[in-house]
Amino acid sequence: MAVAHMVPNTVLFVPAALDKLMHVRAVLAKPKSVGRSEYGEIAAQYPTPPLSREWAADPAAVVSELKKLGLSRKPVVLVDIGGYFAPSINEIAKLFNGKILGVMEGTENGVQKYEASLPLSVPVITVARSPLKLPEDHLVASSVVFSIEAVLRAQAEILQTRTAAVIGYGRVGRSVASILRSRGINTVVYDSDPIKLAEAAARGFQANTRLDQAIGHASLVVCATGNKSLGLRGFGMLQSGCVVASVTSADDEFDLGSLSRGYTRTEIEKDYIRYEENRGSGRHFFLIADGNAANFIHGAVIGPAIQLIEGEKLYAIKRLIQGEVPVAKERLAELDEKSRRDVAEIWIEHFL
C-alpha cells in the first residue's frame, strides 16, 4: 500500500516499477493532489482509498482498510511519504492479522515523525538522507523557484522586485536560498536548529535567530521545514503584500485552519490565493498553490534525476521484502554505500 503524489512520474513509477517488485494493492493519493489528472490515471488501475492524517493515525481504520483490500494474513509493505503511519504503526502491526514487513519512508519530514515515535516494533527504512537524493533536492528547489516566478509573472510581477526569507535551511531549503541569491534577490534565512543556522551564516546568508526578524521585512517567504513553519501567529508577522510559498504539503507546512479565525480568503487565480485580515486594516498576504508545494503546479518535473532516488526506494523495499532490515528500535535503517553504488551504476548505464 503506497502513499504517492499524483504527478507524471507516479503514473510511470507505480505500474512500471513498484508493481513489478511487489503487488500494489492500493495507492493513497496525497490529499492535495487528488484534483490532478494523474489521479484519474492511477485510479483506473488501482484502488485509491482516501488518505488523511486522521485516518492514518487510527490503527483500527488502517487495519480495516488492509482487510478490505484482501490483505488479511498476507505480508504487507507500507510505502510512505510524509510519516503518515508514524504515530500508529506499532498498533497497526499489533492489530493486523497478516505481517507488516516494514515501512519505506521517502521524505525528511516523514523521517522526523518516525524518529519521534521510536522505538518501533517494525522495520523502517528511509532514503531521505541518502547522497543519491541530493540531486533531487537541488532540482526540486529549482522547480519551486521556477513555479513561484511563473505565478508572479502571471500577475505581471517578477522575482527581482522582492526580498526573500527562507524558513528551514535543510536540504531543499538551502538550495532554494542559494538559487534565489544567485538570481540577485536579497535572501535571509531562519532555522530553529543552530547548527543549520550557523551553516547558513558561514555561507554568507543573513541568518536570523528569530522568526519575526526573518520574515518581518521579506516580501517573499519560502517555507521548507515540513513542520508547521507558520500558524496564525506566524502569518501575523508577515508584511502586507507578502507572497508565501512552500516546498512541501500544506498540511505539513502550515496551520491553514487557524486563518479562518482572522482572515478572509479570496481566490485571485487558481494558484494565487489572497488572505486579508478581518480587522479592516487592509493588511494581506498571498499564498501560492494554496500552501502546497509550489513546484506541483507544473507537475514537479525534475527530469531523469528522479529515477535515481526511485531506484534507491525500490532497493530499500526489496530489502524489506527479503527481511534484511532490522526493527527500528533506536534508529531508522538506510542502505549501505555498496547498495547505493549499485543503484548509481544502473542509473548511469541507463541515463548517461
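A polar contact, as the term is used on this tour, is a pair of N or O atoms within 3.5 Å; within protein, one must be able to donate a hydrogen and the other to accept it. Keep that in mind for the first stop, and remember that you are looking at a predicted model.

**Stop 1: Glu-277**

Select Glu-277 and zoom in. You'll find this residue in strand β12, which covers residues 272–277. Is Glu-277 buried or exposed? Its relative accessibility is 11%, so Glu-277 counts as buried, the cut-off for that label being under 20%.

Now show the side chains around it. Which side chains make polar contacts with that of Glu-277? One belongs to Arg-279, at 2.9 Å. Another belongs to Ser-281, where the polar contact is 2.8 Å. Leaving out residues up to four places away in sequence, Glu-277 also touches Gly-262, Tyr-263 and Arg-283.

**Stop 2: the strands β11 and β12**

Zoom out a little and switch to a cartoon view. Select residues 263–269, and you have strand β11. How does β11 run relative to β12, parallel or antiparallel? The two are antiparallel, and six bridges join them. To see one place where they face each other, pick Thr-266: opposite it stands Arg-274 in β12. Then follow the chain from β11 into β12, and you'll pass through a hairpin of two residues.

**Stop 3: the nonpolar cores**

Next, head for the largest nonpolar core, which has 65 residues. Which of its members touch the most others? Select Ile-148, Val-176, Leu-180 and Ile-288 to see them. Helix α7, residues 134–154, contributes the most to this core: seven residues.

Stay with Ile-148 for a moment and light up what surrounds it. Not counting residues up to four places away in sequence, Ile-148 touches Leu-159, Leu-220, Val-222, Ala-245, Ile-288 and Ala-294. There's another core of 31 residues, lying apart from the largest one. To find this other core, try selecting some of its residues, including Met-1, Val-76, Val-103 and Ala-328.

**Stop 4: salt bridges**

How many salt bridges does the structure hold? There are 26, and here are a few to visit.

Start with Arg-53 and Asp-252, whose closest N and O atoms are 2.5 Å apart. Arg-53 sits in helix α3 (residues 53–56) and Asp-252 in helix α12 (residues 250–253), so this pair links distant parts of the chain, 199 residues apart. The partners have their own surroundings: Arg-53 counts as partly exposed because its relative accessibility is 21%, while Asp-252, at 3%, counts as buried. Add Lys-113 and Asp-251 to your selection, and you'll have a network of salt bridges linking these two with Arg-53 and Asp-252.

Move on to Asp-137 and Arg-171, a salt bridge with its closest N and O atoms 2.8 Å apart. Asp-137 is in helix α7 and Arg-171 in helix α8 (residues 171–182), so the pair ties together parts that are 34 residues apart in sequence. Asp-137 counts as buried, with 5% relative accessibility, whereas Arg-171 is partly exposed at 22%.

For the last selection, pick Arg-203 and Glu-199. They form a salt bridge too, and its closest N and O atoms are 3.1 Å apart. Glu-199 has 25% relative accessibility, so it counts as partly exposed.

Technical notes: Residues are numbered from 1 along each chain as its sequence is written. This is a predicted model: local features need pLDDT of at least 70, side-chain atom pairs count only at pLDDT 80 or more; totals for chains, interfaces and linings use all residues. Side-chain values use heavy atoms; hydrogens and water are left out. A nonpolar core is a set of buried Ala, Val, Leu, Ile, Met, Phe, Trp, Tyr and Cys residues joined through side-chain atoms within 4.5 Å. Buried means under 20% relative accessible area, exposed over 50%, partly exposed in between (1.4 Å probe, protein chains only). Helices (H or I, at least four residues) and strands (E, at least two) are DSSP runs, numbered from the N terminus. Contact means heavy atoms within 4.5 Å. Two strands pair if DSSP finds at least two bridges between them. A salt bridge is a side-chain nitrogen of Lys or Arg within 4 Å of a carboxyl oxygen of Asp or Glu.
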